[in-house]
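The following paragraphs walk through one protein chain, from its strands to its surface. Please keep the sequence and the model in view while reading.

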Amino acid sequence: MNIKENIRIALFSIRTNLMRSLLTMLGIIIGVASVIAIITVGNGGRDYIVGMIRQMGSSAISIMVDSTKAQPSDYITAEDIDAIKSLDTVEYVSPMTMTMGTMSTDHKSSLGMIIGGNCDLRYVMSGDCIYGRYFTQAEYDAGRPVCVIDVTSAQQLFGKKNVVGEYINFQFNDVVSRIKVIGVTDMASAFGADSDKMMENMQAMGGADLAGGMFLVPTTLSMQIMGSQDSFDTLYIMAKDENDLDGAASAAMNRIRARHNNAARDCYIVTNMATYIDLLDTVINIFTIFIAAVSAISLLVGGIGVMNIMLVSITERTREIGIRKALGAKTSTILFQFLTESIILCLIGGLIGLLLGVFGAAVVSHIMNIPLAVKFRTVLLAIGFSTAIGVIFGVYPARRAAKMPPIEALRQD
């Protein structure tokens, strides 16, 4: 008997006992659907999170001063920044300072954070202005009270997105600085998100009034606001070549240590974004696989159900088996007939589970606002799982049918 004939007989048997077949498939459907949904959502979540970090700059390196080991002379200076930027492996360098305070406008006030940097900060933050512009080198050198605000913060503080030319009062330690908005950037988009969706979520959670704003200013201004000395504890570097992050980091560290003559104290902490990306990718993959493996337990239950129903089917068709063997059907022919039926049963359940799993993943992805990542290997996984279950749990019933003596089979009613 050829394969086509085996498939025809299997489909006829499934149609004849349709309800029983559907109930048998249920375990396979649930198992495959849950595994596919978890893997698909996990892939989408991983792509979303890793994409955000890549948007921030996968060629970024941060150097932080370890305050537990550093002396005042070890902190990074403007001259250090110029020296690092002259390196062949470095594209952009910006110090970064962060300060919390109270920001207010004519419309409302809230908590706020200013992020200070030089003119390279726009590349480190990976966000171009959607309105206005970034501050210039002249404005940076003069410490002008200008800022670039995030569009979500602009919407909260002013009730509109284009706020170029507006003023923000920032209060820190009872000192109020009046800062002019010269640009609006969409930091949410820079991080792979949607600013309008973010705003809707914040309002839905009732947190829009409590959430703080965020804006970028020249470091020379942030130092004036904080009353700090002209030195920094955090530095961000963008390498020219993403594949040579270690080389850029090593060159930058050697330059700083040589200028401060402090190599023996090891008072700097170097981190590159690529390390975080690889680590995060690995962690999310392990977590997704673990959850999918737990969900796959239902596939074993479904496989047991398939084995049980195949044994019942063989019992019901004992006389048919005896007649066929008496007419000369080989043992291998009977074996492959029932094995094919088991595989077809599981394969149909797997395909239904695949469709339900992708649909469920699409719904979850839409709710969580993450991309739907249905990959070809996921489809292969569903088909492979289903076929494997059909083979593993169909072999025993098929062998039992194939080895049945024809005389005893013919005696059955």
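Two strands are said to pair if DSSP finds at least two bridges between them. With that rule, strand E6, residues 146–150, can be placed: five bridges join E6 to strand E8, residues 175–185, and the two run parallel. One point of register is given by Cys 147, which stands opposite Val 181 in E8. The model is a predicted one, and what is said here describes that prediction.

E6 also pairs with strand E9, residues 213–218, this time in the antiparallel sense and over two bridges. Here Val 148 has Leu 216 of E9 as its bridge partner. How many of the five residues of E6 are buried? Five of the five are, and the strand is described as mostly covered. A residue counts as buried when its relative accessible area is under 20%. The cover extends to both faces of E6: on one side Val 146, Val 148 and Asp 150 are buried, and on the other side Cys 147 and Ile 149 are buried.

E9 leads on to another strand. E4, residues 109–117, pairs with E9 in the parallel sense over six bridges, and in this pairing Gly 117 stands opposite Pro 218 of E9. E4 has a further partner in strand E3, residues 97–104, with which it pairs in the antiparallel sense over eight bridges. Thr 99 has Ile 114 of E4 as its bridge partner. E3 and E4 form a hairpin, with four residues between them. E9 thus appears in a parallel pairing with E4 and in an antiparallel pairing with E6.

The aromatic rings come next. Two aromatic pairs are counted when ring centres within 6.5 Å are taken as paired. In one of them, the rings of Tyr 92 and Tyr 123 have centres 4.0 Å apart and planes at 10°, so this pair is stacked. Tyr 92 belongs to strand E2, residues 90–95, and Tyr 123 to helix H4, residues 121–124; the pair links distant parts of the chain, 31 residues apart. Tyr 92 is partly exposed because its relative accessible area is 21%. Tyr 123, with a relative accessible area of 34%, is partly exposed as well.

Phe 170 and Phe 215 form an aromatic pair that is edge-to-face, with 5.9 Å from centre to centre and 85° between the planes. Phe 170 lies in strand E7, residues 167–172, and Phe 215 lies in E9, so the pair ties together parts that are 45 residues apart in sequence. Are these two phenylalanines buried or exposed? Both Phe 170 and Phe 215 are buried.

Beyond E7, the loop between E7 and E8 contains Asn 173 and Asp 174. Asn 173 has a phi near 55°, a positive value in a residue other than glycine. Asp 174 is not a glycine either, yet its phi is positive, at about 65°. Asn 173 counts as exposed because its relative accessibility is 60%, and Asp 174 is exposed with a relative accessible area of 71%.

Two helices supply further examples of cover and exposure. Asn 43 lies in helix H2, residues 18–57, and counts as buried because its relative accessibility is 6%. Which residues does Asn 43 touch, leaving aside those up to four places away in sequence? They are Ala 373, Lys 375, Arg 377 and Thr 378. Met 368 lies in helix H14, residues 331–368, and counts as partly exposed because its relative accessibility is 49%. Met 368 is one of the residues in a nonpolar patch on the surface, along with Phe 359, Val 363, Val 364 and Ile 367; together they have about 490 Å² of accessible area.

Some totals place these details in the whole chain. The chain has 17 helices and eleven strands. Of its 413 residues, 45% are buried. Among contacts between residues at least 6 apart in sequence, 79% join residues at least 24 apart. The accessible surface of the chain is about 20600 Å², and 60% of it belongs to carbon and sulfur atoms.

Methods: Residues are numbered from 1 along each chain as its sequence is written. This is a predicted model: local features need pLDDT of at least 70, side-chain atom pairs count only at pLDDT 80 or more; totals for chains, interfaces and linings use all residues. Side-chain values use heavy atoms; hydrogens and water are left out. Buried means under 20% relative accessible area, exposed over 50%, partly exposed in between (1.4 Å probe, protein chains only). Contact means heavy atoms within 4.5 Å. Patches are made of residues with over 30% relative accessible area and no salt bridge: like charges are joined within 9 Å, nonpolar side chains (Val, Leu, Ile, Met, Phe, Trp, Tyr) within 5 Å. Accessible areas come from the Shrake-Rupley method with a 1.4 Å probe; for residues, only the protein chains shown count as cover. A salt bridge is a side-chain nitrogen of Lys or Arg within 4 Å of a carboxyl oxygen of Asp or Glu. Rings of Phe, Tyr and Trp (its six-membered ring) pair if their centres lie within 6.5 Å; planes under 30 degrees apart count as stacked, over 60 as edge-to-face and the rest as tilted.
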